[in-house]
Amino acid sequence: MGEAENTKRVQELYGAFGSGDMDTLLAGFEDNIQWITQENKLIPPAKIRRGKAETTGFFTDLAEYFDFEKFEPSTFTAQDNRVLVQGQSRVRVKKTNKVVEFEWVHAFTLNNNQITKFHEYFDTSPVAEAFKE
């Protein structure tokens, strides 16, 4: 797949996430996907996951711990089989009702139109603070 096709695929999967279409989203992941978020013991979803089953758990955790008020992927940059996405989120932590806004970068690796690796980069400190009562 070329860079334009990879970018389009990532955009489609963001669309599925935004509309709550988990079947389409998960179908876009390779069975042995690596799903990496910045680990922080105060943020339950923030950990490394391997395989589609564990990655499905990431989305279950997001729904359990956060209400998304904003999720905006804004800039897409592709090279070879990788797509980098810059964006912003505003979430309400359900446990504390605190709202936090932050920027992130998502790095995707694709093979045959499926995500094989995801790595999220963001400053975990403000999100961790929002979990504190």
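The questions and answers below walk through a predicted model, from its sheet to its core and then to single residues.

Reader: In what order do the 6 strands of the open sheet stand?

Author: The pairing in this open sheet is mixed. Strand E2 (49-50) and strand E3 (66-79) are the edge strands, each of which pairs on one side only. Read from one of these edges to the other, the order is E2-E1-E6-E5-E4-E3.

Reader: How many bridges join E5 to E6, and which residue in the turn of their hairpin has a positive phi?

Author: E5 and E6 run antiparallel, and 8 bridges join them; one of the pairs places Leu-110 opposite its bridge partner in E6, Ile-115. Between the two strands of this hairpin lie 2 residues, and the residue in the turn with a positive phi, of about 50°, is Asn-112.

Reader: Over how many bridges do E4 and E5 pair?

Author: These two strands form a hairpin with 4 residues between them, where Asn-97 in the turn has a positive phi of about 65°. Along the pair, Arg-82 stands opposite Thr-109 in E5, while Val-91 has Val-100 in E5 as its bridge partner. The sense of the pairing is antiparallel, and the number of bridges is 12.

Reader: Which strands does H3 touch where it packs on the sheet, and which does H1 touch?

Author: Helix H3 packs on the sheet with a direction that makes about 50° with that of E1, and the strands it touches are E1, E2, E3 and E4. Helix H1 also packs on the sheet, and its direction makes about 175° with that of E3; the strands touched by H1 are E3, E4, E5 and E6.

Reader: Which element supplies the largest share of the largest nonpolar core?

Author: This core has 31 residues, and those with the most contacts inside it include Phe-29, Phe-108 and Ile-115. Several elements each supply at least two residues of the core, among them helix H1 (3-19), helix H3 (51-65) and strand E4 (82-93). The largest share, 5 residues, comes from E5.

Reader: Which residues does Ile-115 touch, not counting residues up to four places away in sequence?

Author: Ile-115 is one of the residues with the most contacts inside the largest nonpolar core, and its bridge pairing is with Leu-110. With residues up to four places away in sequence left out, the residues touched by Ile-115 are Val-10, Leu-13, Gly-28, Phe-29, Glu-30, Ile-33, Phe-108, Thr-109 and Leu-110.

Reader: Is Lys-70 buried or exposed, and which side chain does a polar contact of 2.5 Å join to that of Lys-70?

Author: Lys-70 lies in strand E3, and because its relative accessible area is 17%, under the 20% limit, Lys-70 is buried. Not counting residues up to four places away in sequence, Lys-70 touches Gln-88, Ser-89, Arg-90 and Glu-101. The side chain joined to that of Lys-70 by the polar contact of 2.5 Å belongs to Glu-101.

Reader: Why does Thr-124 count as buried?

Author: Thr-124 has its place in helix H4 (residues 124-131), and leaving aside its neighbours within four places in sequence, Thr-124 is in contact with Gln-38, Asn-40 and Ile-43. A residue is buried when its relative accessible area is under 20%. Thr-124 therefore counts as buried, with a relative accessibility of 14%.

Conventions
Residues numbered from 1 in each chain as written. Predicted model: local features only at pLDDT ≥ 70, side-chain atom pairs only at ≥ 80, totals over all residues. Heavy atoms only, no water. Buried < 20%, exposed > 50% of the residue type's maximum accessible area, 1.4 Å probe, protein only. Contact = heavy atoms within 4.5 Å. Core = buried A, V, L, I, M, F, W, Y, C linked by side-chain atoms within 4.5 Å. Pairing = 2+ DSSP bridges. Axes fitted to C-alpha atoms, helices over the stretch in contact; angles between N-to-C directions. Polar contact = N/O pair within 3.5 Å; in protein donor to acceptor, adjacent residues only side chain to side chain.
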